[in-house]
Amino acid sequence: MLYDVSNETMPREELEALQLKRLKAMVEKVYYNVPFYQGRFNEMNVRPEQIRSLEDLKYLPFTEKQDLRNNYPFGLFAVPRDNVVRVHASSGTTGKATVVGYTQRDVNTWAELMARSLMCAGASRRDIVHNAYGYGLFTGGLGMHYGVERLGATILPISGGGTRRQVMLMRDFGSTILCSTPSYALFLYESVLAAGMSISDLKLHTGIFGAEPWSEKMRSEIESKLQIKALDIYGLSEIMGPGVGMECCDAQDGLHIWEDHFLIEIIDPETGEQLPLGETGELVITTITKEAQPLIRYRTRDITRIEAIPCRCGRTHRRISRIQGRSDDMLIIRGVNVFPQQIETILLETQGVAPHYQLILTRQGSLDMLEVKVEVDEKLFSDEIRHLQRIEAKIQKNIKEFLGVTAKVTLSEPQSIERSEGKAKRIIDLRNS
């Protein structure tokens, strides 16, 4: 099923002509309205009128997450702040949020692309969508929400948490589509069984999963246990939110990127050079219809490749393969982005804690677990147990409040964490071991 037949099946030649038209307009807009971009263009001796073809994209500067932080909060807006009707944000390594603004037209476009993505997944007006993505400043919950309403289906805005209640509501309301992180889907399955229910008590037929990496093995497990078709969705707050790309229910083989709104390219993450079609590297996205905060050549740090072979679903928009990993050190824990530097900042604000720590990632059942192991100085280590427990609880509380993730905190004796002559080994990821 297609939501927007004319745009989703647009011939490649026509699509690329539309992309170029929109790229030229966007480049001119940011040059004259965003001082950051005007400065970067001038540094590279590039002018808007020099962009004459899609191949000229490679001459434009990259945008990185740090650029958004450096221009916090509204420095990258290309419209007056009064024209911005919504602001979303995610946390950054320095404690400053990465801010993203939307005009009313941006919000409408987002809803349209999410509706397009939902129908790509097989959704229809008859569906009841159980939305377990988080609401608030993160883009996941509201992005999915408005897409479901635009499609005309029924939305259950349950958000995260309260798993036993979620299971009950899925049964009682007859939810047919589940939207969540893949790990939470497996946790919901365990909760169904713990409640004395059977999967046959639910009416689910499809799951739309994203916000964290997952494998084909996990897809098979989800489909087997929940008896649904499990589909991958792609998005990131800096570009728009969920709905940048969607796996179709016809092929389940790569995610269609909506190329009438986003230009995609693959680069070598080390050199920044463009790679040929089909090669694996870092995904770079340029927005060509965003009004409030257009981004040029945004480095996602996601590792993938572009599939050139047309999809059997009939859509002409190219697909990317499942995200294979990241080119930076960002961790994704239950759908929340966490950087080691963020945790380090919290640790070092705690008196008596040494700058030696490890982040240990494990999987308990279907859920990611984070343990923060950190050394304390001699004086604190020799203190009474109750005081150490209070320090652990304080750090755990700060991590939860500032980063939105729950972590087990373990205080270790001095010199107990292995030292390295090179880079310190901060992350121990045991989730796939």
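Begin by selecting L68, N71, Y72, P73, F74, G75, L76, A97, V99 and Q293, the residues that line the second largest cavity of this predicted model. The space they surround is about 40 Å³, and by class the lining counts seven nonpolar residues, three polar ones and no charged ones. While this selection is still on screen, look at the step from Y72 to P73, where the peptide bond is cis, with omega near -5°; P73 itself belongs to the loop between α4 (65-70) and β1 (86-91).

From here, turn to the other enclosed spaces, since a search of the whole structure finds three cavities of 30 Å³ or more. To display the largest cavity, select D106, T109, W110, L113, I239, M240, H261, F262, T287, I288, T289 and K290, which line it, and note that its volume is about 80 Å³. Which helix gives the most to the lining of the largest cavity? That is helix α5, residues 104-120, which supplies four residues. Colouring the lining of the largest cavity by class shows six nonpolar, four polar and two charged residues.

Next, select helix α7 (residues 163-173) together with helix α8 (residues 182-194), which pack with their axes 9 Å apart and at an angle of about 80°. Angles of 65 to 115 degrees count as roughly perpendicular, and α7 and α8 are therefore described in that way, as roughly perpendicular to each other. To see where they meet, show the side chains of T163, Q166, V167 and M170 on α7, and of Y184, F187, L188, S191 and V192 on α8, which make the contact. By class, this contact of α7 with α8 has six nonpolar residues and three polar ones, with no charged residue.

Now bring up the strands of the open sheet, nine in number, which run in the order β4-β3-β5-β6-β7-β8-β9-β14-β13 with mixed pairing. At its edges stand β4 (154-156) and β13 (306-307), and each has a single partner strand, so one side of each is left without a neighbour in the sheet. At the β13 edge, the pairing with strand β14 (residues 319-320) is antiparallel and extends over two bridges; selecting E307 leads to its bridge partner in β14, R319. Keeping the sheet in view, add α8 again, because this helix also packs on the sheet, touching β5 (177-180) and β6 (206-209), and its direction makes about 125° with that of β5. Helix α9 (residues 216-226) packs on the sheet as well, where it touches β5, β6, β7 (229-236) and β8 (241-247), its direction making about 130° with that of β7.

A brief stop in the loop between β8 and β9 (255-257) brings you to Q252, whose phi is near 50°, a positive value in a residue other than glycine.

End the tour at the second largest pocket, which has a volume of about 500 Å³. Of the 20 residues that line this pocket, L54, I264, E265, Q274 and R318 are the closest to its centre, and selecting them gives a convenient starting point. The elements that give two or more residues to the lining are α2 (12-33) and β10 (262-267), and of these β10 gives the most, with four residues. Colouring this lining by class, finally, divides it into nine nonpolar, three polar and eight charged residues.

Notes: Residues numbered from 1 in each chain as written. Predicted model: local features only at pLDDT ≥ 70, side-chain atom pairs only at ≥ 80, totals over all residues. Heavy atoms only, no water. 1 Å grid on protein atoms, 1.4 Å probe; cavity = no way out; pocket = protein on both sides within 12 Å on 5 of 7 lines; lining within 4 Å. Points joined across faces, edges and corners; volume = space filled by probe spheres on them. Nonpolar A, V, L, I, M, F, W, Y, C, P; charged D, E, K, R; others polar. Axes fitted to C-alpha atoms, helices over the stretch in contact; angles between N-to-C directions. Parallel < 35°, antiparallel > 145°, perpendicular 65-115°, else oblique. Contact = heavy atoms within 4.5 Å. Pairing = 2+ DSSP bridges.
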